[in-house]
Amino acid sequence: MRFSKSNAADVAVTIVACAAAASLFFLFLRDLSSSLPGEKSGRVGSIVFRKNAATRKFDGSLRWLRLANGSSVFSGDTVRTSSRSEAAVVFDDGSSLDVFENSMLKLDFPGDERVISLSSGSLRVSGTSSARRVVQAGSSRVEIAPDSDVSFDGDGDRLVLDVLSGSVVVTGANGHAETIGANGEGVIDVSRGEVSARSFELMPIFPARGDSLVSPNGKKEIEFRVSASPDFFASSGEGVPRIEIASDARFTAVIGSEPLSRRGDVTFGATASLEPGSWFWRAVSGSGEKSPAMGFSFSISEIPRQTVPVEGASVAYRSILPTVRFFWAESLGAAGYTLELARNPDGSGEVRRVRATTPFVAIPALSDGPWYWRVRAEYAGRETEVPGASPFRSFAVTQAEAMPAPAPIVPLDGTLYETGRAESGMVFSWARMPEASSYVVRFFSDIEGRDEIGAIETKTPTVNVRASQVPALSEKGFHRWSVSWVDAEGTVSPPSEIRTVTGVESASSLRATFPPEGFVSSADAVSSIRFSWRGASLGRAKIFFVPAGTDGDGKAREIERESSVDSASGLDIPAGVWSWFVRTPNADGTTFQETEPRVLRVVAALPAPKILEPASRSEIVAFFGDTIRISWESVADADHYEFLAYGPEKPDAPIASDARIDGTTYSLPVSGSGQYRFSVRAAAEPGLTSTRIAGLAAEGSVTVSQFERLTLVSPKEGSRVDGLTAWRNGIRLSWSSADEPDAVTYDVRRDGKKYPVAVSRVGTSRDGVSRSITLARLPSGSYTWTVRAEKNGMDVSPSVPSRFTVLPVPPLPAPTAVSPEARASLGPEYFLRENALTFAWEAVKGADSYSFRLITADRRRVVYVADRVEGTSVSIRDLSILDRGSYVWEVTAFAAKGDSSPARSGKRSSASFSIVLPPLTAPERAGTGTFYGK
């Protein structure tokens with residue numbers, strides 16, 4: 001870095017940073033050196049864990065270090081226990097210090113004085129010590145006499161001490177000393193340095209505060225011991241001294257009370273049976289005085305149960321003596337374990353004993369030959385009934401000549417997996433090799449194992465391999481794998497057998513293709529159905545048929561087809577409703593792929609339809625040409641019906657045969673009187689959803705009495721009749737009948753309204769029966785007509801009426817204009833010559849009058865009108881109605897006279913002409929001048 005003169009601040013910051021770094025490094029070195037016990041702070045004892053572990057901090061250090069069970073303790077150490085942790089410091093002179101949960105204390109042993117500074121928590125000082133023992137609490141000191149047993153319980157600024165045996169001297173901050181003997185209790189106000197003391201008639205001494213009792217049995221008869229004050233037996237108590245047991249320190253619920261009996265000069269005793277757990281107890285004198293409460297724990301433990309090595313195990317090695325690992329189940333409450341190794345089954349010839357704080361231990365370099373081992377649990381509690389040692393179990397250390405190949409476990413050979421899920425990993429595992437320090441899994445693209453495509457090294461006999469580690473696993477196809485193991489000497493074993501795993505694109509790709517959902521097959525055609533699917537992995541597939549409505553467990557008709565890639569045929573499936581699906585199994589027998597189930601209905605034959613009409617063996621009356629309506633109920637799965645009928649003339653020859661009727665009705669024509677037989681059967685032709693299925697026939701019969709209806713003969717249906725002909729000649733309505741009716745009436749309607757029948761003529765047959773009538777002078781319109789007739793009470797009228805149309809009468813032709821000529825111009829010469837304007841036209845045949853009209857050319861004004869003109873001309877004599885300009889004259893013919901023709905109007909004819917006159921001027925005078933008259 002280059003500094004400029006203007007960058008003095010940067011230089012100063014850099015110098016300060018370097019100095020700070022150097023200071024921190026110096027502090028680190030000092031803390032590191034202070035973390036190790038120096039020559040001036042020697043060992044004072046060792047620590048034994050009762051529950052869990054403890055930590056310690058060396059004098060002057062800032063770091064807390066985790067202690068190992070059995071670690072040395074040095075003067076200046078600060079020891080700390082956490083929740084559910086307890087430890088005991090065993091001093092070298094034989095005395096001990098019990099440290100309970102959530103406690104912290106410092107050990108300071110200058111000269112022959114042992115100072116224990118209690119910061120928080122609870123502890124107990126016991127045993128005989130030649131040195132003076134002091135417990136420091138703030139500014140107060142507690143000097144403990146030799147052969148004394150004292151418990152301390154700190155709660156904030158309050159420290160309570162109970163003297164179980166011996167005595168203590170408590171000195172407060174003011175220098176006042178208080179001696180407390182056995183059965184005494186002192187309370188120290190740590191913040192103020194004040195001390196108060198009192199003595200009790202009775203003081204619990206066993207179990208004492210923090211004791212852990214262990215029993216190998218289900219229940220424990222615990223012997224409680226209480227010390228009495230020297231003058232207790234000299235006094236006369238009113239009651240019987242007793243002990244009280246509770247599950248909490250406040251004794252809110254006393255669960256047991258036992259009387260005390262005298263056991264010695266100054267002791268009492270009582271026996272109580274307790275379940276495992278944490279308990280509190282106290283002594284109550286006859287006068288009701290209650291001693292301090294003591295809390296203790298009681299647990300059930302068992303002999304350690306050995307697990308590894310198993311009985312008769314063999315530990316092999318090649319050149320380096322092996323390290324044998326021993327495992328056993330934990331014993332509740334045990335502070336440690338002792339592993340004993342012997343050469344003989346009775347434990348003689350013992351060569352090694354190893355202590356452990358965990359339920360496992362590793363012993364290196366065990367020599368060849370047989371070995372016998374057992375485990376004994378160790379307990380740190382007082383008055384503990386130790387369960388004992390486990391029985392000896394044998395194993396042998398042998399030198400192996402060759403490394404065996406490991407045995408693969410999963411995946412099995414031929415296992416299928418989805419390539420899309422390869423990145424999430426596939427588990428590979430094999431049998432554990434006791435001597436293996438590591439394993440190597442190799443992957444190959446060929447079955448011989450020469451083309452390696454990936455390798456994974458692992459410490460455990462199982463590994464989850466992802467596609468990112470072996471990219472080839474993300475591709476579909478065959479992949480091979482094998483595993484070898486490596487021992488502690490670095491020797492690689494022969495590879496295991498090569499197994500194959502197969503990658504497929506997707507497990508959801510398997511799908512059924514035929515037959516479709518809801519397919520229906522006849523029982524005799526189901527064996528010809530080819531059940532097909534797509535997406536089966538490597539052709540391994542099984543097809544299942546399960547009765548519909550069941551889960552199929554143990555009921556499925558399983559048909560395995562591993563030789564066929566995508567189909568199966570020739571299956572014998574009985575009639576019923578089935579749910580079928582295809583399943584691809586994996587190598588381990590589990591389901592890898594499975595299609596959605598499809599419903600298949602197998603029917604023996606379609607049922608016979610139920611005939612609805614006519615009723616069986618019924619009798620009906622019908623007319624010739626009528627039909628008999630035959631109907632039946634539809635049949636499920638049928639797509640058409642077959643119909644066959646026989647008539648009365650030829651009972652063995654069908655009169656109707658229809659092989660395909662889509663509906664459920666048939667109209668059978670009546671060809672005569674007699675019995676008609678018919679049959680109907682359902683059928684289903686092969687299609688997309690079914691095979692051909694034949695049905696059972698339903699038969700029926702009906703007896704017919706036939707009548708013939710009258711037939712309308714003329715006019716023919718839809719005839720169109722000229723209007724003049726209908727008016728002049730009338731229209732003849734005729735009909736015919738095989739049997740003469742009993743009564744006949746006519747019904748004629750014009751334009752939908754009833755038309756009165758005006759008969760001009762009546763025609764009769766040779767036998768005198770009327771066969772026709774003639775209707776005269778019919779006006780134009782649309783007509784319908786029929787005949788109402790009866791025969792023996794039966795209506796034999798025609799089934800439908802007949803229709804004909806009378807056309808309108810055509811109009812008369814337009815008259816031809818004669819004069820004035822078309823577009824004629826009439827000037828002064830015409831009007832000087834004629835005294836009238838005459839209009840003439842040619843006569844129209846059949847007309848008896850004409851209508852005349854004269855209008856201006858612009859049709860704004862009618863000049864002259866003449867109606868009912870019987871001639872063929874009209875003359876206008878009053879010429880004053882005329883003026884110069886253009887005119888149009890119109891003539892229409894009429895025929896209104898006579899009875900032979902209807903009134904007719906004609907077409908209108910028109911012609912134009914113009915009147916041309918010179919303009920009017922003023923008359924000229926004869927001369928000029930003035931004329932006078934008389």
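## A buried arginine and its partner

Arginine 124 sits in strand 10, which spans residues 122-126, where strands are DSSP runs of E with at least two residues, numbered from the N terminus. The model is predicted, so that local features need pLDDT of at least 70 and side-chain atom pairs count only at pLDDT 80 or more, while totals for chains, interfaces and linings use all residues. Residues are numbered from 1 along each chain as its sequence is written, and side-chain values use heavy atoms, with hydrogens and water left out.

With a relative accessible area of 3%, arginine 124 is buried (under 20%, against over 50% for exposed and in between for partly exposed, with a 1.4 Å probe and protein chains only). Its side chain makes a polar contact of 2.7 Å with the side chain of aspartate 149, a polar contact being a pair of N or O atoms within 3.5 Å, of which, within protein, one must be able to donate a hydrogen and the other to accept it, and residues adjacent in sequence count only if both atoms are side-chain atoms.

## Positive phi in two loops

Aspartate 147, in the loop between strand 12 (140-144) and strand 13 (149-155), has a positive phi near 55 degrees and is partly exposed at 48% relative accessibility. Alanine 365 also has a positive phi, of about 55 degrees; this alanine lies in the loop between strand 33 (360-363) and strand 34 (369-378) and is partly exposed at 43%.

## Cis peptide bonds

Glutamate 613 and proline 614 are joined by a cis peptide bond with omega of about -5 degrees, and proline 614 belongs to the loop between strand 53 (611-613) and strand 54 (618-623).

Key
Helix = DSSP H or I, 4+ residues; strand = E, 2+ residues; numbered from the N terminus.
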